[in-house]
Amino acid sequence: MAIPVVDFSKVGNGASAEERAANMALIAKYCEEWGFFQLANHGISEELLERVKKVCTEFFKLEREQNFKQSPLFKSLSDLPDGQMLENVDWEDVITLLDHNEWPSQTPGFKETMTEYRAELRKLADQVMEVMDENLGLPKGYIKNAFNSGNGEEEAFFGTKVSHYPPCPKPEQVTGLRAHTDAGGVVMLFQDDVVGGLEVLKDGEWFDVQPMKNSIVINTGDQIEVLSNGKYKSAWHRVQAKPDGNRRSIASFYNPSMKATIAPAQQLVGEEKGVEAFGYPKFVFGDYMSVYAEQKFEPKEPRFQAVRAM
């Protein structure tokens, strides 16, 4: 079974009313049943996406590859006896791009290209959140306002994780990235066109998130699950290490401000059954992240319970 794909141009102004209604319904269905879907025709130019692929691939080769091959992780796996698993680590090289941290400087065009790309991803995040608002019956801008403390100022966290999963000499003995749900809000992933490995859990079975050229994969994080009062679920996903290929993965996260208060939207809580019936407390996102940092790879339900007690 393939991960669902949505033609995002059919929910925009150029779509007919029938096309838009049908595709809005598909997005609602995929948010409820998968927590993962791919967007085609999302509005980000192919020219920009090709530049992103180019600079990220060159960045790894120029600035990261040799250090990875000399890392304790690489040596530990090389020395590991056959049949044993390398536990509590991920076969991943990763950097995080934020508005104000230091970015790679040796790769020509990296900063300019990724700055432009991140600006386009912010616009796409706004559009995706507005679609979720509409499908959930919430006022336009509800999710974005909730993530920005509700005061109209842009305080939400927007980060981009540039990852590479190099060829692994013993892929059966280490994971690329351990299974987890994402802590935050809306995640937009630009994954490798060719090298697979990303999998999502649905109904107790793992499914490949198939490579699809220049698509953007959308997945919902824990805070969307809370805001939707459980209607949308954050999905478990993982990355398998591969013996061949160097998988490129560029994930951008639109998450609440650390000061934002998160709770199920009142419009989604029935009068006859309180929020407690669904198990989602009201909490400050920074408190949730403190719990998540210790329990990222563990079941999410105890995280909600732990933050309730804080």
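A polar contact is a pair of N or O atoms within 3.5 Å, where, within protein, one atom must be able to donate a hydrogen and the other to accept it. The exercises below apply this to a predicted model.

**Exercise 1.** Determine which side chain makes a polar contact with the side chain of D182, and whether D182 is buried or exposed.

*Solution.* Begin with the location: D182 lies in the loop that runs between β5 (175-180) and β6 (186-191). D182 is buried there and yet has no salt bridge. The nearest side chain of opposite charge belongs to K296, at 6.0 Å, whereas a salt bridge requires a side-chain nitrogen of Lys or Arg within 4 Å of a carboxyl oxygen of Asp or Glu. The polar contact is made instead with the side chain of N219, at 3.0 Å.

**Exercise 2.** Find which side chains are joined to that of T181 by polar contacts.

*Solution.* T181 is also placed in the loop between β5 and β6, and its relative accessible area is 0%, so T181 counts as buried, the limit being under 20%. One polar contact, of 2.9 Å, joins its side chain to that of D222, and another, of 2.6 Å, joins it to that of R303.

**Exercise 3.** Establish where S234 is placed and which side chain a polar contact of 2.7 Å joins to it.

*Solution.* S234 sits in the loop between α6 (222-227) and β10 (237-240), where it is buried with a relative accessible area of 4%. The contact of 2.7 Å leads from the side chain of S234 to that of D222. Among the residues that S234 touches are T181 and K300.

Definitions and conventions:
Residues numbered from 1 in each chain as written. Predicted model: local features only at pLDDT ≥ 70, side-chain atom pairs only at ≥ 80, totals over all residues. Heavy atoms only, no water. Helix = DSSP H or I, 4+ residues; strand = E, 2+ residues; numbered from the N terminus. Buried < 20%, exposed > 50% of the residue type's maximum accessible area, 1.4 Å probe, protein only. Lys, Arg positive; Asp, Glu negative; His and termini not counted. Contact = heavy atoms within 4.5 Å. Lists of a residue's contacts leave out its neighbours within four places in sequence.
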